[in-house]
Amino acid sequence: MSGNHNQNQMNGLDASIGRIVSVTGSKAIVLLDGAGELRARSPDGRPEMGTLLAVETSRTTVLAIVSALSVPVPSQRDGDSEVWIAELGLVGELTSAGEGKPPKFNRGVTAYPALGDRVRLALRTELEATFCGDSGAMVRVGSIRQDSTIPAMVRVDELLGKHFAILGTTGTGKSCTTALILRSIVEKNPNAHIVLLDPHNEYATAFSDWAEVISPRNMQLPYWLLTFEEIQEVLVGDGDRKAEVEILQEVIPIAKARYNSGRSTEPAKLRRGLSDASRYTVDTPVPYRISDLLLLIDERLGKLENRKDLAPYRLLKHRIETISQDGRYAFMFGSLTVYDGMTQVLGRIFRVPVNSKPITILELTGIPSEVVNVVVSVLCRMTFDFALWSEGQVPVTLVCEEAHRYVPANSTLGFEPCKRAIAKIAKEGRKYGASLCIVTQRPAEIDPTILSQCNTVFALRMSNDRDQEIVASAVADTGAGLLEFLPSLGQREAIAFGDGMALPVRIKFDELPKRALPKSSSANFSERWQKSLGDEGFLDQIVERWRASGIPANGDGGHHLAMMADALGLHGTPHPASPEIHQAIPDAGPASYKIPMPPTPYSSPSPTSSPRTSAPLPRREVPPPLASANAPGAPQSSKPTGSGEALRSLRERLTRPVG
């Protein structure tokens with residue numbers, strides 16, 4: 001290090017730019033050389049905001065970041081002498097690693113520079129040693145502004161283990177940044193486990209080869225996986241309806257006990273023991289039947305004599321029947337049978353085994369707005385619990401897009417269980433292998449406690465003063481000067497700081513190939529407004545798609561079967577891994593029917609996970625013939641379904657009499 005400096009001096013190329021005139025704690029002030037001498041240098045040889053400088057000491061080379069530049073007393077005329085000052089933040093030091101080895105970078109300073117010590121721009125070898133370090137544990141995301149030939153590397157373990165955030169105004173490239181960072185990590189770690197909450201359905205194109213895309217059409221999130229607070233939000237909604245809440249709280253444990261006491265594969269002694277409802281709480285994640293809930297409510301309704309007490313029971317029963325028959329909730333209530341598929345649900349969401357798809361993209365568009373926060377709550381809570389009960393053997397990263405929706409700073413907004421679930425990952429997830437990535441364009445509207453747990457931050461362009469203040473509060477004093485750039489950052493530029501980065505630094509992200517770009521581009525108004533769409537058929541298609549989103553399941557058998565076909569993986573021909581379980585549905589007709597169950601690629605069938613046929617449900621009308629998949633307004637699948645043939649094949653399998 002000092003040898004390079006001495007070599008420069010011998011060659012008459014003294015790279016120093018000034019001398020130390022003040023040292024206070026983690027800061028120093030440099031009196032820069034004459035203005036004329038600095039002006040004569042090339043732009044790359046002058047200090048700028050964020051430039052990394054070096055100061056030689058007896059044992060180490062101290063590194064410092066330029067945090068401010070000033071001229072205390074400007075001259076009145078050109079050519080007059082001036083005093084130029086640079087304020088530095090001391091951030092780390094380089095120590096010799098032995099003959100022939102690159103120097104080693106360490107944060108913090110053990111040997112402070114002395115008054116009069118010369119200051120120079122950091123050399124390329126020093127920049128590489130600082131920002132690249134151990135490349136085996138790092139991934140590239142871009143290049144540093146000071147020298148575009150030096151890669152900007154991210155420490156994966158520190159980035160994920162201590163959480164990170166991607167912040168920036170709308171249109172600055174948050175989605176591309178998220179995709180770039182995740183792709184860089186997955187390329188080097190092909191057996192990763194990443195869950196990405198995608199509220200705008202924009203990431204499927206960015207990870208077409210690496211992601212399992214789960215949408216409302218093929219999602220399987222059984223209602224019995226919900227905690228009581230979550231199922232209460234779905235079935236009751238208003239927390240002030242205490243009578244209905246108390247009824248639900250009473251009947252759910254009994255319904256769980258009824259289901260589990262009737263499992264024919266269990267010993268009789270065990271079945272008798274399970275009949276005790278006290279073995280189950282309202283939050284125990286075991287199956288129960290909606291039909292049992294309705295029967296239990298009817299039993300209690302029949303015992304009441306006071307007509308004033310009937311209303312809560314009738315309202316709750318009506319709400320349960322309405323929700324369970326609503327096609328928009330089919331991903332939660334649409335299963336034809338109730339069976340213990342928790343293993344399959346966990347395996348699919350958390351990619352166990354990975355099967356060459358380390359990322360799960362959960363598309364939230366299409367989920368009823370009333371329960372989006374409930375779905376996010378379930379996924380976040382399951383992420384933490386999965387990491388906890390797997391004892392850290394399967395580390396999971398949860399990427400939360402539009403995080404201000406789920407953990408708002410305003411305590412009166414949002415869904416409290418969802419906020420608690422995300423906060424739990426932020427506060428305790430590191431111990432168990434659950435990490436969190438927060439992505440938002442509104443840092444000022446997100447819970448500051450959650451944001452403060454993100455030890456690495458990528459701050460893209462921001463113009464809002466309040467947002468800048470929030471980011472500034474998370475930056476150490478040594479890197480605070482870089483935040484002055486926030487309003488003027490260009491596309492693909494960011495200020496990166498925290499444990500995942502060697503030092504606070506301004507970086508330019510690499511450009512993603514077109515095939516890996518998220519589908520997040522803004523509408524091109526000037527192009528679209530050049531021509532008129534006068535075709536009435538276009539409006540008909542819009543109306544059909546609009547209305548199809550709210551058609552009940554018993555009114556659109558085609559939509560319901562299409563969703564099941566996606567979930568079962570039936571695309572034109574029966575899936576070889578889909579076992580057919582013969583079940584009798586009393587209200588389905590005079591004969592017994594074959595019900596194909598979802599495939600179980602993640603575990604072999606076990607006696608304790610055999611499906612159960614639900615109790616008699618109200619008779620449904622026979623669904624109308626399936627519409628063509630290409631008909632206007634037909635629900636669009638996220639995967640090819642082999643046109644209408646796959647759905648007709650599925651219908652035949654669902655309605656084929658046994659024997």
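Here is a friendly walk through a few places in this structure, which is a predicted model.

Let us begin with helix α12, which spans residues 342-350. Is this helix enclosed or open to the outside? Seven of its nine residues are buried, so α12 is largely enclosed by the rest of the structure. The buried residues are Gln 344, Val 345, Leu 346, Gly 347, Arg 348, Ile 349 and Phe 350. If you look for what covers them, you will find several elements, including the strands β11 (194-198), β12 (211-214), β13 (359-363) and β14 (396-400), along with helix α13 (372-389). Follow the chain just past the end of α12 and you meet Arg 351, which takes a positive phi of about 55°.

Stay with α12 a little longer and pick out Arg 348. Which residue does the side chain of Arg 348 meet in a salt bridge? The partner is Glu 212, with 3.0 Å from N to O. This pair links distant parts of the chain, since Arg 348 belongs to helix α12 and Glu 212 to strand β12, 136 residues apart. Strand β12 also appeared above, among the elements that cover the buried residues of α12. Both ends of this bridge sit inside: Arg 348 has a relative accessible area of 14%, and because buried means under 20%, Arg 348 counts as buried. Glu 212 is buried too, with a value of 13%.

How many salt bridges are there in total? The count comes to 22, and two further ones are worth a visit. In one of them, Asp 292 pairs with Arg 289, and their closest N and O atoms are 3.2 Å apart. Asp 292 is buried, with a relative accessible area of 5%, and Arg 289 is buried as well, at 9%.

The other joins the side chains of Lys 317 and Asp 298, with 2.8 Å from N to O. Lys 317 lies in helix α10 (residues 310-325) and Asp 298 in helix α9 (residues 290-302), so this pair ties together parts that are 19 residues apart in sequence. Here the surroundings are partly open: Lys 317 is partly exposed at 22% relative accessibility, and Asp 298 is partly exposed at 32%. Salt bridges can also share partners, and in this way Glu 56, Arg 120 and Glu 126 are joined into one network.

Now turn to strand β9, made of residues 151-155, where you will find Ala 152. Is Ala 152 buried or exposed? Its relative accessible area is 1%, so Ala 152 is buried. Setting aside residues up to four places away in sequence, Ala 152 touches Val 139, Arg 140, Val 141, Gly 142, Ser 143, Ile 144 and Ile 507. Take Val 139 from that list: it is 13 residues from Ala 152 along the chain, and the C-alpha atoms of the two are separated by 8.4 Å.

Finally, let us move to the surface. Which residues gather there in a patch of negative charge? They are Asp 535, Glu 536, Asp 540 and Glu 544. One of them, Glu 536, has its place in helix α18, which covers residues 536-548. With a relative accessible area of 63%, Glu 536 is exposed. Try finding Glu 536 and Ala 152 in the model: Glu 536 is exposed, whereas Ala 152 is buried.

Key. Residues numbered from 1 in each chain as written. Predicted model: local features only at pLDDT ≥ 70, side-chain atom pairs only at ≥ 80, totals over all residues. Heavy atoms only, no water. Patch = residues over 30% accessible without salt bridge, like charges linked within 9 Å, V, L, I, M, F, W, Y side chains within 5 Å. Areas by Shrake-Rupley, 256 points an atom, 1.4 Å probe, with all protein chains shown as cover. Salt bridge = Lys/Arg side-chain N within 4 Å of Asp/Glu carboxyl O. Lys, Arg positive; Asp, Glu negative; His and termini not counted. Charge placed at Lys NZ, Arg CZ, Asp CG, Glu CD. Helix = DSSP H or I, 4+ residues; strand = E, 2+ residues; numbered from the N terminus. Buried < 20%, exposed > 50% of the residue type's maximum accessible area, 1.4 Å probe, protein only. Contact = heavy atoms within 4.5 Å.
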